[in-house]
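This report goes through one protein model, beginning with a single side-chain contact and ending with the chain as a whole. Please keep the sequence and the 3D view open while reading.

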Amino acid sequence: MIMVYYIAFVLIGIGIYGILTQKNLFKFLVSLTIIDTAINIFIISLGYIEGKDVPIYSQYTPVANFVDPLPQALVLTAIVIGVGTLALGASLLIKVYEKYETLEVEEIATKEAKE
């Protein structure tokens, strides 16, 4: 179970590295999405408890044996927000590309300075 934490932190590190080093706006958006996914993995792994059951009520499963469903609900909400953010970012990238015909930050800055 500890391995999942390491995977989440490695993905967060990869995303931060991408944000700090990439000059392409598309790669920047992908790095943000990687961080979003890694945080979701981390929150889900925090909510997992070994030996507990899925929180589905029935006459055979006592309530005391359930995993807390709150992290799952929060991550589900975060996934919806992340998809919306990704869609908005992609649409903005399309508009930037239509105007400047590039997604490189330095080229956009150069073209903006000329105007």
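In this predicted model, the side chains of N24 and E104 are joined by a polar contact of 3.0 Å. The residue N24 belongs to the loop that runs between α1 and α2, the latter covering residues 25–47. The side chain of N24 also reaches the backbone nitrogen of F26, at 2.8 Å. When neighbours within four places in sequence are left aside, the residues in contact with N24 are L103 and E104. Is N24 buried or exposed? With a relative accessible area of 16%, N24 is buried, because the cut-off for that class is under 20%.

A second residue with a side chain that reaches a backbone atom is K111, which is found in helix α4, residues 105–114. Here the partner is the backbone oxygen of Y100, which the side chain of K111 reaches at 2.5 Å. Although K111 and Y100 are eleven residues apart in sequence, their C-alpha atoms lie 7.3 Å apart in space. Not counting residues up to four places away in sequence, K111 touches Y100, E101 and T102. K111 has a relative accessibility of 33% and therefore counts as partly exposed, a class that lies between the buried limit of 20% and the exposed limit of 50%.

The polar pairs described so far, with their distances, are collected here.

| From | To | Distance |
|---|---|---|
| N24, side chain | E104, side chain | 3.0 Å |
| N24, side chain | F26, backbone nitrogen | 2.8 Å |
| K111, side chain | Y100, backbone oxygen | 2.5 Å |

Charged pairs can be considered next. How many salt bridges does the count come to? The count comes to one salt bridge, and K95 forms a salt bridge with E98, the closest N and O atoms being 3.7 Å apart. That distance satisfies the rule because a side-chain nitrogen of Lys or Arg has to be within 4 Å of a carboxyl oxygen of Asp or Glu. Both K95 and E98 lie in helix α3, which covers residues 70–100, and they are three residues apart, or about one turn of the helix. Both of these residues are exposed.

At another place on the surface, I2, M3, Y6 and I7 make a nonpolar patch of about 440 Å². One of these residues, I7, has its place in helix α1, residues 2–21, and I7 counts as partly exposed, its relative accessibility being 43%.

The chain as a whole can now be described. The protein chain holds four helices and zero strands, and from the N terminus on its elements run α-α-α-α. The radius of gyration of the protein chain is 20 Å, well over the 13 Å that the globule rule gives for 115 residues, so the chain is more spread out than a compact globule. Along its principal axes, the C-alpha trace spans about 70 × 25 × 15 Å.

Of the 115 residues in the protein chain, 20% are buried. The chain exposes about 8,300 Å², and carbon and sulfur atoms supply 71% of this area. Among contacts between residues at least 6 apart in sequence, 51% join residues that are at least 24 apart.

Conventions
Residues numbered from 1 in each chain as written. Predicted model: local features only at pLDDT ≥ 70, side-chain atom pairs only at ≥ 80, totals over all residues. Heavy atoms only, no water. Patch = residues over 30% accessible without salt bridge, like charges linked within 9 Å, V, L, I, M, F, W, Y side chains within 5 Å. Areas by Shrake-Rupley, 256 points an atom, 1.4 Å probe, with all protein chains shown as cover. Helix = DSSP H or I, 4+ residues; strand = E, 2+ residues; numbered from the N terminus. Buried < 20%, exposed > 50% of the residue type's maximum accessible area, 1.4 Å probe, protein only. Polar contact = N/O pair within 3.5 Å; in protein donor to acceptor, adjacent residues only side chain to side chain. Contact = heavy atoms within 4.5 Å. Rg over C-alpha atoms; globule rule 2.2 N^0.38 Å.
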